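Okay, thanks everyone for coming. Have the sequence and the model up on your screens, and I'll walk you through how the pieces pack.

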Amino acid sequence: MTLEEKINTDIKTAMLAKESAKLEALRAVKSAILLLKTSPEGYTEETELKALQKMVKQRKETADIYKTQNRADLAETELLQANIIEAYLPKQMDENAIKEEVSKIIASVGASSPADMGKVMGVASKQLAGKADGKLISGIVKELLSK
């Protein structure tokens, strides 16, 4: 079952259960999929994954903005939608697993100082795409290269 089919099924289920917040998030995902189908990049698993990650990131950033403006009600809605969309992403790696992978990449690239961060990040972001957040990867690379 493709993501699009799964989303369509879940939209029907959410409509029947009258879950408006979930329905709103699922419709946003469906909209993103439809936009991808007509985009020049095309609709692939990779573009689908990037779009979902972007949607989650946008919602979390928006929730942070709402929190700073003391609008907890709006922040809660954004975080709920982010959690619903996140459920369709592959399971994220934990920090220890990322450190192991980054250590292997540093060894294979032959990086030894923070000046080699670009080399490591290029390989790491390709290998860990969709499995870990870019900011987290970057932080771990900085930490390991500065030792």
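**Helices on helices**

Let's start with one pair: α5 and α6 sit oblique to each other. One thing to keep in mind throughout is that this is a predicted model.

So what puts that pair in the oblique class? Helix α5 covers residues 95-109 and helix α6 covers residues 117-127, and they pack at an angle of about 130°. The cut-off for roughly antiparallel is over 145 degrees, and about 130° doesn't get there, so the pair counts as oblique. Their axes are 10 Å apart, and the crossing of α5 past α6 is right-handed.

Which residues make the contact? On the α5 side you've got Glu101, Ile105, Ile106 and Val109, and on the α6 side Lys119, Val120, Val123, Ala124 and Gln127. Sorted by class, that's six nonpolar, one polar and two charged residues.

Let me stay on Glu101 for a second, since you'll find it in helix α5. Is Glu101 buried or exposed? It's in between: partly exposed, with a relative accessible area of 25%. The cut-off for buried is under 20%, so at 25% Glu101 doesn't count as buried. If you skip neighbours within four places in sequence, Glu101 is in contact with Met93, Gln127 and Leu128. And from Glu101 to Ala124 is 8.0 Å, C-alpha to C-alpha, with their positions 23 residues apart in sequence.

Okay, over to the N-terminal end. Here we have helix α1, residues 3-17, and helix α2, residues 20-38, whose axes come within 9 Å and cross at roughly 150°. That angle makes α1 roughly antiparallel to α2. The crossing of α1 past α2 is left-handed, whereas α5 passes α6 in a right-handed one.

For the α1–α2 contact, α1 brings residues including Leu3, Ile7, Ile11 and Ala14, and α2 brings residues including Leu23, Leu26, Val29 and Ile33. There's charge in there too, with Glu4 and Asp10 from α1, and Lys22, Arg27 and Lys30 among those from α2. The class count is 10 nonpolar, one polar and six charged residues.

Now, the cores. As a rule, nonpolar side chains in soluble globular proteins tend to be buried together. In this model the largest nonpolar core has 18 residues, and the ones touching the most other members are Ile7, Leu26, Val29, Leu52 and Ile85. Which elements give two or more residues to this core? Those are α1, α2, α3 (45-68) and α4 (72-86). The largest share, six residues, comes from α2.

Click on Leu52 if you'd like to see some of this up close. Leaving out neighbours within four places in sequence, Leu52 is in contact with Leu3, Val29, Ile85, Tyr88 and Leu89. Apart from that core lies another one, of 16 residues, and Ile98, Met121, Ile137 and Leu144 are among them.

Last bit, the whole chain. How many helices and strands are there? Seven helices and zero strands. Buried residues make up 34% of the 147 residues. The C-alpha atoms fill a box of roughly 55 × 40 × 25 Å along the principal axes. And if you take contacts between residues at least 6 apart in sequence, 58% of them join residues at least 24 apart.

That's me done, so over to you.

Conventions. Residues numbered from 1 in each chain as written. Predicted model: local features only at pLDDT ≥ 70, side-chain atom pairs only at ≥ 80, totals over all residues. Heavy atoms only, no water. Axes fitted to C-alpha atoms, helices over the stretch in contact; angles between N-to-C directions. Helix = DSSP H or I, 4+ residues; strand = E, 2+ residues; numbered from the N terminus. Parallel < 35°, antiparallel > 145°, perpendicular 65-115°, else oblique. Left-handed = near helix turned anticlockwise from the far one by under 90°. Contact = heavy atoms within 4.5 Å. Nonpolar A, V, L, I, M, F, W, Y, C, P; charged D, E, K, R; others polar. Core = buried A, V, L, I, M, F, W, Y, C linked by side-chain atoms within 4.5 Å. Buried < 20%, exposed > 50% of the residue type's maximum accessible area, 1.4 Å probe, protein only.
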